[in-house]
Amino acid sequence: MDKVNIIPCGPDRMDELVAFIARMNDDPAQHVAYFGVGEADVRSTLAEAVIPPADGFYLAYENEKLVGIFGVDADPEIGRAWLLGPIIEHDAWQQIADELFNTILPVIPAGIREHELFCDAKNVNVRQFAERHQFPSRGETAIFSLERDAYNRHPIPAHIQNFQESYFNSFERLHNELFPNTYYTARQMVEKLDDHHRLFLATDGDKLLGYHFCKTESESGYVDFIGVDSSARGRGVGVSLLASGLDWMFAAPTTTRINLTVNAENDSAQSLYKKFGFVCERVTIGFRKTLQG
Ligand SMILES: CC(C)(COP(=O)(O)OP(=O)(O)OC[C@H]1O[C@@H](n2cnc3c(N)ncnc32)[C@H](O)[C@@H]1OP(=O)(O)O)[C@@H](O)C(=O)NCCC(=O)NCCS
């Protein structure tokens, strides 16, 4: 192998970074799950990063040719970092991955205790990388998508409403119970609410039965969280919440498809999604390492 130079992305190489990720991520054996598929998805993932990608990403070049990238994002509030990659096109995959890894580690802010990786289950290189660096597996996740043409509408009953602060405590309690330790806190979701982020609530008087937090990106929508209190399940609340969010996301003419991820073993949620026309596109595997000390 010729000498590989590793350099920070910086603002000037953003287009090259996006094009490389989009091209490589098309192949399941190279796919890193955070980025989605296509340049628009890659750009919107990068735009959401807390650490600006120009600072968080490093590029590996061999004889002026881009052969690999690896980046990091982190949220000090929840103490977690996401390792975005590695994506490498080279026979010395693991060696270049390690060099990039050593370069991006110092970018992670102090106080971060958890590091996550997330790739297509067919990405053998990232799986081996995770194993060598002792990242425990968190199991498999299915990625579902729904094309506009395949959307099977369901009626929405009256008890679905937009978020109101009076339900915040119940919402926070339910979110922490259903999704402990996840990537957005209840407060973070509420703070994000705007023209592109909605939080639907299913209520019965003062009682919160369930919620659905979803968002629209440039060409797609995303179901972030949907949950129904265990005492209210099996009565159509999940259908109503999902229908409200899907109708809202597809009301944006730019939304061509809606994506979501779900635990590969969560049969009840998967059958809910299939009722609306969602299909499983990909199975991914996540890894999370908790740092000691
Ligand atoms: C998934 C969840 C939101 C469904 O909510 P719900 O209000 O019980 O769902 P509904 O009563 O509207 O049921 C809708 C469909 O979901 C599926 N479903 C719901 N519960 C199910 C179960 N126990 N087993 C199999 N399918 C089930 C069925 O397809 C059902 O349609 P059907 O009644 O015509 O068969 C709820 O179980 C939940 O909050 N689970 C915990 C959080 C979670 O896993 N969220 C999804 C993570 S991405």
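This passage walks through the surroundings of the ligand, two helices, a run of paired strands and one buried threonine in a predicted model.

A good place to start is the ligand. Around the ligand lie 19 residues, and those that come nearest are Arg 233, Gly 238, Ser 268, Ser 271 and Leu 272. By class, this shell consists of eight nonpolar, seven polar and four charged residues. At least two residues of the shell come from each of β10 (220-228), α8 (237-251) and α9 (267-275). The most generous contributor is α9, which gives six residues.

Strand β10 also takes part in a set of paired strands. Strand β8 (residues 197-204) pairs with β9 in the antiparallel sense, over eight bridges, and here His 197 stands opposite Lys 215 of β9. The two strands form a hairpin with two residues between them, and in its turn Gly 205 has a positive phi of about 65°. On to the next pair: β9 and β10 are antiparallel as well, with seven bridges between them, and Gly 210 has Val 228 in β10 as its bridge partner. Three residues make up the link in the hairpin that joins β9 to β10. Strand β9 is mostly covered, with nine of its ten residues buried.

The helices show how burial can be arranged. In helix α6 (residues 168-178), the buried residues include Phe 171, Leu 174 and His 175. These residues lie on the same side of α6 because they cover an arc of only 100° around the axis. The other side of α6 has Asn 169 and Glu 177, which are exposed. Among the elements that cover the buried residues of α6 are α7 (186-192), β9 (207-216) and β10. Helix α2 (residues 39-47) has Asp 41, Val 42, Arg 43 and Leu 46 buried, and its cover includes α1 (14-25), α3 (53-56) and, once again, β10.

Finally, Thr 284 is worth a look in strand β12 (residues 279-290). Is Thr 284 buried or exposed? Thr 284 counts as buried because 23 other C-beta atoms lie within 10 Å, where 20 or more are needed. Leaving aside residues up to four places away in sequence, Thr 284 touches Ala 33, Phe 118, Cys 119, Asp 120, Ala 121, Glu 140, Thr 141 and Ile 143. The fold also brings together distant parts of the chain: Thr 284 and Gly 139 are 145 residues apart along the chain, yet 8.5 Å separates their C-alpha atoms.

Methods
Residues are numbered from 1 along each chain as its sequence is written. This is a predicted model: local features need pLDDT of at least 70, side-chain atom pairs count only at pLDDT 80 or more; totals for chains, interfaces and linings use all residues. A residue is near a molecule or strand if its C-beta atom, placed from the backbone, lies within 6 Å of it. Helices (H or I, at least four residues) and strands (E, at least two) are DSSP runs, numbered from the N terminus. Ala, Val, Leu, Ile, Met, Phe, Trp, Tyr, Cys and Pro count as nonpolar, Asp, Glu, Lys and Arg as charged, and the others, Gly among them, as polar. A residue is buried if 20 or more other C-beta atoms lie within 10 Å of its own, exposed if 12 or fewer, and partly exposed in between; C-beta atoms are placed from the backbone. The arc is that of the directions from the helix axis to the C-beta atoms. Two residues are in contact if their C-beta atoms, placed from the backbone, lie within 7 Å. Two strands pair if DSSP finds at least two bridges between them.
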